[in-house]
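Please open the model in your viewer with the cartoon and the side chains available, and follow the selections below in the order in which they are given.

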Amino acid sequence: MADLQKRLTALPPTLRTMKTDYASLRSQVRNFSDFYGAAITDAKKQISAAMREMSEANKDLLEKYRKEVALRRKYHEQLVELKGNIRVLCRVKPVLKEDQHEEGQSVVVTTDPNNESALSVLKGQGRSHNFELDRVFHPQATQEEVFQEIEPLVTSCIDGYHVCIFAYGQTGSGKTYTMEGSTENPGINQRALKHLFSEIEDRKDMWIYTVTVSSVEIYNEVLRDLLSKDGEKLDIKINPDGTGQLHVPGLRLIEVKKSSNHYFWKTWEFGESYRNFATMNQHSSRSHALLMITVLGTDLASGAKTTGKLNLVDLAGSERVWKSGAEGERLKEAQNINRSLLALGDVIQALRGKEKHIPFRNSRLTYLLQDSLGKGNKTAMVVQVSALESNVGETMCSLKFAERVCKVELGPAARKIQRGGGSHQWTQQTHSQPNTSTSNNNNKQPPLPSQPVSQPISLSISQSV
Ligand SMILES: Nc1ncnc2c1ncn2[C@@H]1O[C@H](COP(=O)(O)OP(=O)(O)OP(=O)(O)O)[C@@H](O)[C@H]1O
């Protein structure tokens, strides 16, 4: 009992110590949670500040990258202008429902939103091939955006340069869409004519111009007039005038004129027959369609004359013959398509190698393009590609061809101008000369191609473009 009493007496101090310890522990826990909370808030602040800093740095880097790309593009443009490189644009076709023959096909072509010249093709097993061209249009690019890139070339045709713009790519990749377009959404051909007339209007106080168009189709190495009702067969000949230039006897030329401040297509004549042949003919994807525009200018002050040419070409599909599995007539057809495309490739190769002999005569196509595709002229190629995995082989072939074309140097462009004042000497003026002035032009050059023998048919276009 005494022992118990003794222990009970010792209890309060122990309890007091325990109470104190407990209070101290509680306060420590509270302090720790306050400290922990504050540490977390602090850490969060630091992390967000660091993230802000990083995103600022990223923005800064992206901005620098964009500036670098733009600067590189500018210098590249200047170099292209100096060397007269063929400009190569690539347009990626959007994936349409009708193209998805197999379910869930993946897209293997990607563009870079920060670099308008880059394109990448995924070739399987994570390997990708990067291409650098003059300009790459993503699948959502509009007809207007594509034309804006081409516009300076079209303008230079009024200044007296010979220009060739052609669309290349496998069947169904969008060549006709880009060149021809639709009535609601016209392509390069119609936009080019519209642009020519608006430029001509701006210069009407200083220059007068005559614009003529002709159009041919090359199918199975046979040349047909797309503006004649029955698609008359034509031949390419050397002009009998002794200039050594080409001419196509019987080719129908239509003079296009403005009508009460609006420029129109005369549906029954030019527009109708051209579109019928170009878009509805049985073999449009296996034939090459050419729209050839000639712009003759006269300087009202000096009497100087310029001859500009604009050849707009919608090539046949570039599929490889051995892949088409064709036999008989179709094989002959495929070989002929291939022949002119191969001939085009050979011409490109020879131009690239700066060879003395350029084999223009190996096909009707290259023969006809001779005076706009060769040295001193301006050329652009729009290479059309599909983004789908099933077409990756053809896409790679087209892009590799595009890379080769990029390297072709046609030399500084020469302006075809005949000085006024009674002189009949044709002279050529390089691109660095002012566009509308003919003064100081002492650079005498060989005679220019003479104008086609046939008289142009006068035409007022009657459907708004
Ligand atoms: N950028 C685009 N936007 C929308 N539709 C397009 C585009 N490009 C092509 N198409 C559509 O894809 C289809 C095939 O295009 P198109 O006829 O122009 O190909 P192509 O390369 O000319 O073929 P072919 O070699 O057979 O002549 C058409 O229905 C066309 O309207």
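Select Y219 together with V222, because in this predicted model the former stands opposite the latter, which belongs to β8. Now widen the selection to strands β7 and β8 (residues 222–225), which pair in the antiparallel sense over four bridges. The two strands make a hairpin with two residues between them, and one residue to inspect in the turn is N220, whose phi is positive at about 50°.

Stay with β7 and colour the whole strand, residues 207–219. Is this strand mostly covered or mostly uncovered? Of its 13 residues, 10 are buried, and β7 is therefore described as mostly covered.

Next, look for the other pairings of β7. Show β13 (residues 288–299), which runs antiparallel to β7 and is joined to it over 12 bridges; a convenient place to check the register is S214, opposite which you will find M292 of β13. Then add β12 (residues 254–257), whose pairing with β7 is likewise antiparallel and extends over three bridges. Here the pair to pick out is V213 and, opposite it in β12, I254.

Leave β7 now and select strands β2, β3 and β4, which form an open sheet in the order β2-β3-β4 with antiparallel pairing. The edges of this sheet are β2 (109–112) and β4 (128–132), each of which pairs on one side only, and from one strand to the next the twist averages 25°. To see how β2 lies against β3 (residues 115–122), follow the four bridges of their antiparallel pairing, and centre the view on T111, whose bridge partner in β3 is L119.

With this sheet still displayed, which helix packs on it? Select α9 (residues 392–406), which touches β2, β3 and β4 and whose direction makes about 140° with that of β3.

For the last stop, turn to the nonpolar side chains. In soluble globular proteins, such side chains tend to be buried together. The largest nonpolar core of this model has 83 residues, and those with the most contacts inside it are V88, C90, I165, M381, V383 and A402. Helix α2 (residues 143–158) gives the most to this core, contributing seven residues. Finish by centring on A402: leaving aside residues up to four places away in sequence, A402 touches V88, C90, L133, M381 and V383.

Methods:
Residues numbered from 1 in each chain as written. Predicted model: local features only at pLDDT ≥ 70, side-chain atom pairs only at ≥ 80, totals over all residues. Pairing = 2+ DSSP bridges. Axes fitted to C-alpha atoms, helices over the stretch in contact; angles between N-to-C directions. Contact = placed C-beta atoms within 7 Å. Buried ≥ 20, exposed ≤ 12 C-beta atoms within 10 Å, placed from the backbone. Core = buried A, V, L, I, M, F, W, Y, C linked by C-beta atoms within 7 Å.
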